[in-house]
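User: I'd like to take a close look at one part of this model before I read the rest of it. Could you start with a single residue and then walk me outward from there?

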Amino acid sequence: MDEQGSIWNDVITKKISFLRVRVFQRPLSEYLRFEVEAYKIQAKKCEDFRIVSFDKLQEVGITDAHDFMLFDSKKALIPEFSKDNVLIRAVLSDDHKILQPFLQQREILLRISIPLQEFVRSEGI
């Protein structure tokens, strides 16, 4: 079994919750359509995908969203990208002051996003 398959087996057997929120803009890009096909496959393994429009983010006052990962609400992995969108580094932090804005943003994103299946239906993908 490959390494990624082994990781997903661990996620499934340990019942680890894995949630991803994807922000999109209209018109939908061909790349997003491609990603959605991959999301459908991952969703069958146990990953929960939610989708939200950039416009919806602006409606709730999020104008500068960044990628991040939260682990049990106790640690955040915060990637840093160059101006041309190349990953420079990622910082893992358990500092409450650093975590707090990401925890708040997660709650907002969960409230305003929709499940992948609903997005697929509404966009005809």
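Does Asp72 count as buried or exposed, and at what relative accessibility?

Analyst: Asp72 counts as exposed, because its relative accessibility is 69%, and the cut-off for that label is over 50%. Before going further, keep in mind that this is a predicted model. The chain averages a pLDDT of 85, and 92% of the residues score at least 70.

Let's stay with Asp72 for a moment. The residue lies in the loop that runs between β3 (69–71) and β4 (75–81). Its backbone deserves a look too: phi is near 55 degrees, which is a positive value, and Asp72 is not a glycine. Ser73 is found in that loop between β3 and β4 as well. Ser73 also has a positive phi, of about 60 degrees, again without being a glycine. On accessibility, Ser73 is partly exposed, with a relative accessible area of 33%, whereas Asp72 is exposed at 69%.

While you are in this part of the sequence, look at the surface. Met69, Phe71 and Leu92 make a nonpolar surface patch of about 270 Å². Leu92 comes from strand β5, which covers residues 87–93. There is a charged pair to find here as well: the side chains of Arg89 and Glu80 meet in a salt bridge, at 2.8 Å from N to O. Arg89 is partly exposed, with a relative accessible area of 47%, and Glu80 counts as partly exposed too, at 33%.

That pair is part of a wider set, since a search of the whole structure finds seven salt bridges. Another of them joins Arg22 to Glu35, with the closest N and O atoms 2.4 Å apart. Arg22 sits in strand β1 and Glu35 in helix α2, so this pair ties together parts that are 13 residues apart in sequence. Glu35 is buried, with a relative accessible area of 14%.

Glu35 takes us into helix α2, so here is how that helix is laid out. Helix α2 spans residues 30–45, has 16 residues, and reaches 24 Å from its first C-alpha to its last, close to the 22 Å expected at 1.5 Å a residue. Buried in α2 you'll find Leu32, Glu35, Val36, Tyr39 and Gln42. Those residues cover an arc of only 125 degrees around the axis, which puts them on the same side of α2. Turn to the face pointing away from that buried side, and you meet the exposed residues Glu30, Phe34, Ile41 and Lys44.

Glu30 has a partner inside the helix. The side chains of Glu30 and Arg33 meet in a salt bridge, 3.8 Å from N to O. Since they are three residues apart in α2, Glu30 and Arg33 are separated by about one helical turn. Glu30 is exposed, with a relative accessible area of 62%, while Arg33 is partly exposed at 31%.

Now check what comes before and after α2. In the loop between β1 (18–24) and α2 you'll find Pro27. The peptide bond from Arg26 to Pro27 is cis, with omega near 0 degrees. On the other side, α2 is followed by Cys46, whose phi is positive, near 140 degrees. Cys46 lies in the loop between α2 and β2 (47–53) and is partly exposed, with a relative accessible area of 29%. For a sense of distance, Cys46 and Glu107 are 61 residues apart in sequence and 20 Å apart in space, C-alpha to C-alpha.

Another helix to set beside α2 is α5, residues 116–123, where the buried residues are Leu116, Phe119 and Val120. Seen down the axis of α5, those buried residues fall within an arc of 100 degrees, so they line one face of the helix. Arg121 and Ser122 are exposed on the other side of α5.

One last word on confidence as you browse. Among the elements of the chain, helix α1 (residues 3–13) has the lowest mean pLDDT, 65, and strand β6 (residues 114–115) has the highest, 96. Where pLDDT is low, the predicted coordinates should not be read in detail.

Conventions:
Residues are numbered from 1 along each chain as its sequence is written. This is a predicted model: local features need pLDDT of at least 70, side-chain atom pairs count only at pLDDT 80 or more; totals for chains, interfaces and linings use all residues. Side-chain values use heavy atoms; hydrogens and water are left out. Patches are made of residues with over 30% relative accessible area and no salt bridge: like charges are joined within 9 Å, nonpolar side chains (Val, Leu, Ile, Met, Phe, Trp, Tyr) within 5 Å. Accessible areas come from the Shrake-Rupley method with a 1.4 Å probe; for residues, only the protein chains shown count as cover. A salt bridge is a side-chain nitrogen of Lys or Arg within 4 Å of a carboxyl oxygen of Asp or Glu. Helices (H or I, at least four residues) and strands (E, at least two) are DSSP runs, numbered from the N terminus. pLDDT is the predictor's confidence in each residue, from 0 to 100. The expected span of a helix is 1.5 Å times one less than its number of residues. Buried means under 20% relative accessible area, exposed over 50%, partly exposed in between (1.4 Å probe, protein chains only). The arc is that of the directions from the helix axis to the C-beta atoms.
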